[in-house]
Amino acid sequence: MTGKVLRDGAIIDPEAGRKPASPEGKPTVTVLDYGSGNVRSAVRALERAGAEVILSSKPEDVLNADGLVVPGVGAFETVMNELKAVDAIRMIGRRVAGGRPVLAICVGLQVLFEAGVEHGTVAEGMGEWPGKVELLPADVVPHMGWNTVDVPEGSLLFDGVEKERFYFVHSYGVQHWDFDVIQPRMAAPLVTWSDHGAPFIAAVENGPLCATQFHPEKSGDAGARLLRNWVGSLRPARNAGTGTTAEAPATPEATA
């Protein structure tokens with residue numbers, strides 16, 4: 001195995017080979033590497049949460065991991081362009097369509113919505129959820145620091161930390177939620193709210209797709225518990241009949 005390795009063992013060279021599955025059977029998590037600033041804190045926090053972590057944008061790593069984390073720092077349109085540059089939008093869509101877990105953070109949450117408005121410019125988002133990202137109507141922006149959240153009943157992501165505070169750094173947010181459930185068997189997404197000048201979406205849990213506006217990796221014990229909850233929901237692929245963890249086979253499209 002090649003590639004520069006962090007002290008805790010996470011590969012940070014996107015050209016390095018996929019990290020072998022843990023002999024302890026830990027779930028594998030790929031942190032999407034597309035130029036979104038310093039993501040080492042997220043890598044280390046996920047390692048502490050019990051995952052085997054690789055930082056990569058290679059299709060086999062993004063598509064085959066038990067979980068994918070999409071970080072996001074900066075402007076909405078810039079993040080969208082950077083995601084497009086590594087074909088991440090298609091790969092995220094494939095994971096969600098296949099029921100494979102994805103956790104998006106900060107601007108990673110914002111780009112999952114239909115559009116973002118920054119400085120009068122409207123940029124198209126991924127459209128996984130309806131809604132528009134807009135400037136928070138607060139006296140002071142950015143919204144920086146610790147804030148409480150209003151968690152809906154039944155949340156798995158916030159299990160055990162429903163009353164805790166989380167760390168936010170953002171000036172924009174989604175202030176309205178209008179999601180129509182058109183299939184009788186389809187469960188409505190769980191939406192967590194916070195407030196800064198007006199209510200805004202702090203997190204969404206929608207089947208395999210979860211996202212937080214705050215930074216769990218910077219949110220102390222509460223954030224660590226949330227990441228453990230998410231990592232604990234992942235299921236490593238296993239060799240039939242042996243009980244040993246194995247890499248999921250890459251699809252033909254993933255290796256093209």
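**Pockets**

I began with the lining of the largest pocket and counted it by class: 12 nonpolar, 4 polar and 1 charged residues. The model is a predicted one, and I kept that in mind for every entry below. For the volume of this largest pocket I noted about 380 Å³. I then listed what lies closest to its centre and found Glu205, Asn206, Gly207, Pro208 and Cys210, out of 17 lining residues. Strand E12 (199–206) and helix H6 (220–232) are the elements that give two or more residues to this lining.

I turned to the second largest pocket, where the space comes to about 320 Å³. Its lining has 22 residues, and the closest to the centre are Gly72, Val73, Cys106, Val169 and His215. I looked up which elements contribute two or more residues here, and they are helix H1 (40–48), helix H5 (107–110) and strand E9 (165–170). Sorted by class, the lining of this second pocket has 10 nonpolar, 9 polar and 3 charged residues.

**Ser36**

Two of the residues just noted, Gly72 and Val73, came up again when I checked Ser36. I placed Ser36 in the loop between E1 and H1. Is Ser36 buried or exposed? Its relative accessible area is 4%, and the cut-off for buried is under 20%, so I entered Ser36 as buried. Leaving out residues up to four places away in sequence, I found Ser36 touching Pro71, Gly72 and Val73. For Val73 I also recorded a distance: its backbone nitrogen lies 3.0 Å from a polar atom of the Ser36 side chain.

**Helix H4**

Next I went through helix H4, residues 88–97, and marked Ala88, Met91, Ile92, Arg95 and Val96 as buried. I looked down the axis of H4 and found these buried residues within an arc of 135°, so they line one face of the helix. The spacing fits the general rule that an α-helix has 3.6 residues a turn, so residues three or four places apart point the same way.

What covers the buried residues of H4? My list includes strands E1 (28–32), E3 (67–70), E4 (102–105) and E13 (209–212). It also includes helices H2 (59–64) and H3 (76–85). E1 had already appeared in my notes, at one end of the loop that holds Ser36.

Last, I checked what follows H4 and noted Gly99, with a positive phi near 75°.

Conventions:
Residues are numbered from 1 along each chain as its sequence is written. This is a predicted model: local features need pLDDT of at least 70, side-chain atom pairs count only at pLDDT 80 or more; totals for chains, interfaces and linings use all residues. Side-chain values use heavy atoms; hydrogens and water are left out. Buried means under 20% relative accessible area, exposed over 50%, partly exposed in between (1.4 Å probe, protein chains only). Helices (H or I, at least four residues) and strands (E, at least two) are DSSP runs, numbered from the N terminus. The arc is that of the directions from the helix axis to the C-beta atoms. Contact means heavy atoms within 4.5 Å. On a 1 Å grid over the protein atoms alone, a cavity is a set of points where a 1.4 Å probe fits but cannot get out, and a pocket is an open set with protein on both sides within 12 Å along at least five of seven lines; lining residues have an atom within 4 Å of a point. Grid points are joined across faces, edges and corners, and a volume is the space filled by probe spheres set on the points. Ala, Val, Leu, Ile, Met, Phe, Trp, Tyr, Cys and Pro count as nonpolar, Asp, Glu, Lys and Arg as charged, and the others, Gly among them, as polar. A polar contact is a pair of N or O atoms within 3.5 Å; within protein, one must be able to donate a hydrogen and the other to accept it, and residues adjacent in sequence count only if both atoms are side-chain atoms.
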